[in-house]
Amino acid sequence: MELKGIAALVTGGGSGLGAATAEALAAAGARVVVLDMRAEAAEAVAARIGGVAAAGDVADPAAVEAALDAAGKLAPLRLAVSCAGIAPPARVVGRDGPHDLALFERVIRVNLIGTFNVLRLAAARMQRTEPAGPDGERGLIVNTASIAAYEGQFGQCAYAASKAGVVGLGLPAARELARTGIRVMTIAPGLMETPMLAGLPDPAREALLTLPLFPKRLGEAADFARLVLAIAANPMLNGETIRLDGALRLPPL
């Protein structure tokens with residue numbers, strides 16, 4: 001996919017993986033709409049990259065439609081990257097009793113329903129664009145899962161379930177959308193240097209650094225952004241989940 005001159009939507013674009021992806025896409029020539037729950041964060045990233053900010057919940061159809069409308073005014077929409085997500089820890093049965101069901105529902109709503117909401121609405125727009133390139137590609141949707149989808153740890157039932165759903169979504173969506181020239185890919189990051197981990201105490205961070213085999217560090221948002229660009233560049237990547245984890249396999253704790 002030629003990124004120069006296309007419109008791209010990046011959710012969760014106000015920080016972390018989303019912000020790095022928005023920056024990389026803009027540097028490659030794409031016109032980027034940055035969607036985030038925090039309007040100020042979206043505006044800061046959009047101003048930095050010459051993009052457009054949008055505020056809203058990824059599980060809210062009206063908010064996503066508004067962001068897609070903004071993208072459509074910039075250029076043909078050909079790329080949507082879903083990076084919005086939450087990961088509140090909670091055990092199935094903790095000191096205060098069973099897992100709060102409302103919290104479980106909230107995680108599923110943001111991480112899985114929000115991802116599907118963006119996918120379905122972006123795909124509908126992409127189907128109306130003209131095919132481009134030698135393969136007649138109309139668009140690409142990149143979803144963000146997690147290696148917790150495969151190796152969820154203590155306290156990650158809600159998060160792991162939501163991300164396993166994102167993994168499961170990828171192939172059937174790719175199969176359905178293939179007939180109109182739209183690819184669907186999923187990235188499953190390992191331990192990433194993002195705001196989700198920024199609040200950990202130093203001993204906990206040091207322990208995490210021992211887990212990846214190589215390189216011996218946490219993943220960086222720029223690593224994720226480079227993979228998005230690589231997926232866009234290679235049309236044979238479709239319907240698959242790529243682990244981005246330095247050969248890390250999460251232990252139970």
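Q: How many residues of strand 7 are buried in this predicted model, and is the strand enclosed or open?
A: Let's start with strand 7, residues 139–144, in this predicted model. Buried here means under 20% relative accessible area. Strand 7 is largely enclosed by the rest of the structure, because the buried residues number 6 of the 6.

Q: Which residues of strand 7 lie on each of its two sides?
A: In a regular strand the side chains alternate between the two faces of the sheet. Both faces of strand 7 are covered, and every residue listed for them is buried. One side holds G139, I141 and N143, and the other holds L140, V142 and T144.

Q: Which strands pair with strand 7, and in which sense, parallel or antiparallel?
A: Strand 4, residues 77–82, is joined to strand 7 by 4 bridges in the parallel sense. Strand 8, residues 182–189, also runs parallel to strand 7, with 6 bridges between them. The partners are therefore strand 4 and strand 8, both parallel.

Q: What are the bridge partners of N143 in strand 4 and strand 8?
A: N143 belongs to strand 7, and its bridge partner on the strand 4 side is S82. Towards strand 8, N143 stands opposite T186. The two names are S82 and T186.

Q: Which residue of strand 7 is the bridge partner of A80?
A: A80 sits within strand 4, which spans residues 77–82. Strand 4 is joined to strand 7 by 4 bridges. For A80, the partner in strand 7 is I141.

Q: Is strand 4 mostly covered or open, and how many of its residues are buried?
A: Strand 4 pairs with strand 7, and strand 1 is joined to strand 4 by 5 bridges in a parallel arrangement. In that pairing with strand 1, A7 has L77 as its bridge partner. Strand 4 is mostly covered, with a buried count of 6 of its 6 residues.

Q: Which residues touch the most other members of the largest nonpolar core?
A: This core has 33 residues. Strands 1, 2, 4, 7 and 8 are among the elements giving it two or more residues, as are helices 1, 2 and 9. The residues that touch the most other members are L25, V32, V34, L79, V81, V142 and F224.

Q: Which residues is V32 in contact with, leaving aside its neighbours within four places in sequence?
A: V32 is one of the residues touching the most other members of the largest nonpolar core. Contact here is a matter of heavy atoms within 4.5 Å. With those sequence neighbours left aside, the contacts of V32 are A8, V10, A22, L25, A26, I49, G51, V52 and L74.

Q: Is V110 buried or exposed, and what is its relative accessibility?
A: V110 is a residue of helix 4, residues 101–126. Leaving aside neighbours within four places in sequence, V110 is in contact with V58, G85, I86 and T115. V110 counts as buried because its relative accessibility is 16%.

Q: What is the relative accessible area of R125, and is this residue buried or exposed?
A: R125 is placed in helix 4. Apart from neighbours within four places in sequence, R125 has contacts with E65, L68, D69 and L77. The cut-off for buried is under 20%, so R125 is buried at 18%.

Q: What is the volume of the second largest pocket?
A: The lining of this pocket includes M1, E2, I6 and R78, along with P235. By class, there are 5 nonpolar, 1 polar and 4 charged residues in the lining. The space in the second largest pocket is about 160 Å³.

Q: Which two residues are joined by a cis peptide bond?
A: Most residues other than glycine have a negative phi, and most peptide bonds are trans. One bond to check has an omega of about -5°, and P215 lies in the loop between helix 8 and helix 9. The cis bond joins F214 and P215.

Q: What is the phi of A247?
A: A247 lies in the segment after strand 9 and, at 41% relative accessibility, counts as partly exposed. Although A247 is not a glycine, its phi is positive. The value is about 65°.

Conventions
Residues numbered from 1 in each chain as written. Predicted model: local features only at pLDDT ≥ 70, side-chain atom pairs only at ≥ 80, totals over all residues. Heavy atoms only, no water. Buried < 20%, exposed > 50% of the residue type's maximum accessible area, 1.4 Å probe, protein only. 1 Å grid on protein atoms, 1.4 Å probe; cavity = no way out; pocket = protein on both sides within 12 Å on 5 of 7 lines; lining within 4 Å. Points joined across faces, edges and corners; volume = space filled by probe spheres on them. Nonpolar A, V, L, I, M, F, W, Y, C, P; charged D, E, K, R; others polar. Core = buried A, V, L, I, M, F, W, Y, C linked by side-chain atoms within 4.5 Å.
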